Amino acid sequence: MHRCPLTGTSATADGTGPKGRTGHGGRTGRPRSAEADRAILGATRAALVELGWGKLTMSDVAARAGVAKTTLYRRWANKNELVLDAVAVLFDELELPDRGCLQADIEGVVLEFAALLARPETKTALMAVVAESTTDEALRLRIRSAVVERQKRLVVLGRERAQARGELPPDPAGEEGAAAAGRAVGLIFDVIAGAVVHRALVSAEPVDELWAQQFSTLLLTGMGGLAETGPPGA
């Protein structure tokens with residue numbers, strides 16, 4: 001059992017809880033073959049890892065996926081959009097199991113996020129599109145909508161659970177309350193995603209259980225709480 005340090009409640013070791021797991025975010029657009037999409041996006045990630053951004057072409061992806069190049073262009077206008085969607089679907093795999101308390105929920109999603117970033121196809125694709133977006137405003141906006149805005153669902157769900165448990169106060173009513181909640185969701189997402197990406201991809205340091213515990217403590221209690229943290233189970 002995992003004991004929640006802030007509430008004293010417990011959750012099962014596998015991270016499941018009474019509310020189960022979240023579903024994946026929906027995708028919009030014209031109806032298309034899910035099987036063909038999976039093959040194309042998988043081929044894109046494989047080609048990117050093998051060839052790198054500069055040598056990756058739509059023709060190569062089409063050949064690997066066993067589809068006509070025109071099939072790709074009916075779905076994606078260019079390589080930038082294709083690679084972005086190839087990495088965005090990986091982030092849609094992220095879930096937020098109910099581990100019994102807010103701190104345990106944070107630790108769980110941090111470790112899951114880090115494991116996703118450790119996969120070669122995720123790391124290569126994410127770093128490639130972020131680098132390319134520095135000179136491509138349209139791509140930067142697509143990253144925001146396809147990855148950032150979609151994954152804020154995890155923060156929304158985490159806050160709702162914590163509010164239902166009484167760990168966080170409810171959001172104020174009305175438009176001002178909704179706007180404040182939206183700003184809070186954005187800030188929380190930036191802090192968590194930014195810290196994990198920096199730790200895993202920039203510093204190249206491990207995101208392990210101890211780091212996740214210390215990070216969640218810092219997030220919830222401030223710097224003063226760090227002095228009391230130690231190895232999990234200590």
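Helices and strands here are DSSP runs, at least four residues for a helix and at least two for a strand, numbered from the N terminus. With that in hand, let us walk through this predicted model. Read from the N terminus, the elements of the protein chain run β-β-α-α-α-α-α-α-α-α-α, which gives two strands and nine helices.

Some overall figures help to set the scene. The protein chain has 234 residues, and 40% of them are buried. Its exposed area comes to about 12,300 Å², with 57% of that supplied by carbon and sulfur atoms. Among contacts with a separation of 6 or more, 67% join residues 24 or more positions apart.

A good place to begin the tour is helix 2, which spans residues 58-65. Its buried residues are Met58, Val61, Ala62 and Ala65. Looking down the axis of helix 2, you will find these buried residues within an arc of 100°, so they line one face of the helix. What do they pack against? The partners of the buried residues are helix 1 (34-51), helix 3 (69-75) and helix 4 (79-91). If you follow the backbone onward, Gly66 comes just after helix 2 and takes a positive phi of about 75°.

Helix 4 deserves a visit of its own, and Asn80 is a handy residue to stop at, since its place is in that helix. Is Asn80 buried or exposed? Its relative accessibility is 14%, and buried means under 20%, so Asn80 counts as buried. Setting aside neighbours within four places in sequence, Asn80 is in contact with Trp53, Glu132, Asp136 and Leu139.

From there, please turn to helix 7, residues 137-165, where Arg142 lies. Arg142 has a relative accessible area of 28%, which makes this residue partly exposed. Which residues does Arg142 touch, not counting those up to four places away in sequence? They are Glu81, Leu84, Asp85 and Val147. One of these, Asp85, is 57 residues from Arg142 along the chain, and the C-alpha atoms of the two are separated by 9.3 Å.

Further along the chain, helix 9 (209-221) has an aromatic feature to look at. The structure holds two aromatic pairs. One of them is formed by Trp211 and Phe215, and this pair is stacked, at 5.2 Å centre to centre with 5° between the planes. Both residues lie in helix 9, four residues apart, about one turn of the helix. Trp211 is buried, with a relative accessible area of 16%, and Phe215 likewise counts as buried, at 9% relative accessibility.

Helix 9 also takes part in a feature on the surface. Leu187, Val191, Leu219 and Leu220 form a nonpolar patch there, and together they have about 300 Å² of accessible area. Which helices supply the residues of this patch? Helix 8 (174-202) and helix 9 each contribute at least two. To pick out one member, Leu219 has its place in helix 9. A patch residue needs over 30% relative accessible area, and Leu219 is partly exposed at 32%. Helix 9 therefore holds the buried residue Phe215, at 9% relative accessibility, as well as the partly exposed Leu219 of the surface patch.

Key
Residues are numbered from 1 along each chain as its sequence is written. This is a predicted model: local features need pLDDT of at least 70, side-chain atom pairs count only at pLDDT 80 or more; totals for chains, interfaces and linings use all residues. Side-chain values use heavy atoms; hydrogens and water are left out. Patches are made of residues with over 30% relative accessible area and no salt bridge: like charges are joined within 9 Å, nonpolar side chains (Val, Leu, Ile, Met, Phe, Trp, Tyr) within 5 Å. Accessible areas come from the Shrake-Rupley method with a 1.4 Å probe; for residues, only the protein chains shown count as cover. A salt bridge is a side-chain nitrogen of Lys or Arg within 4 Å of a carboxyl oxygen of Asp or Glu. Buried means under 20% relative accessible area, exposed over 50%, partly exposed in between (1.4 Å probe, protein chains only). The arc is that of the directions from the helix axis to the C-beta atoms. Contact means heavy atoms within 4.5 Å. Rings of Phe, Tyr and Trp (its six-membered ring) pair if their centres lie within 6.5 Å; planes under 30 degrees apart count as stacked, over 60 as edge-to-face and the rest as tilted.
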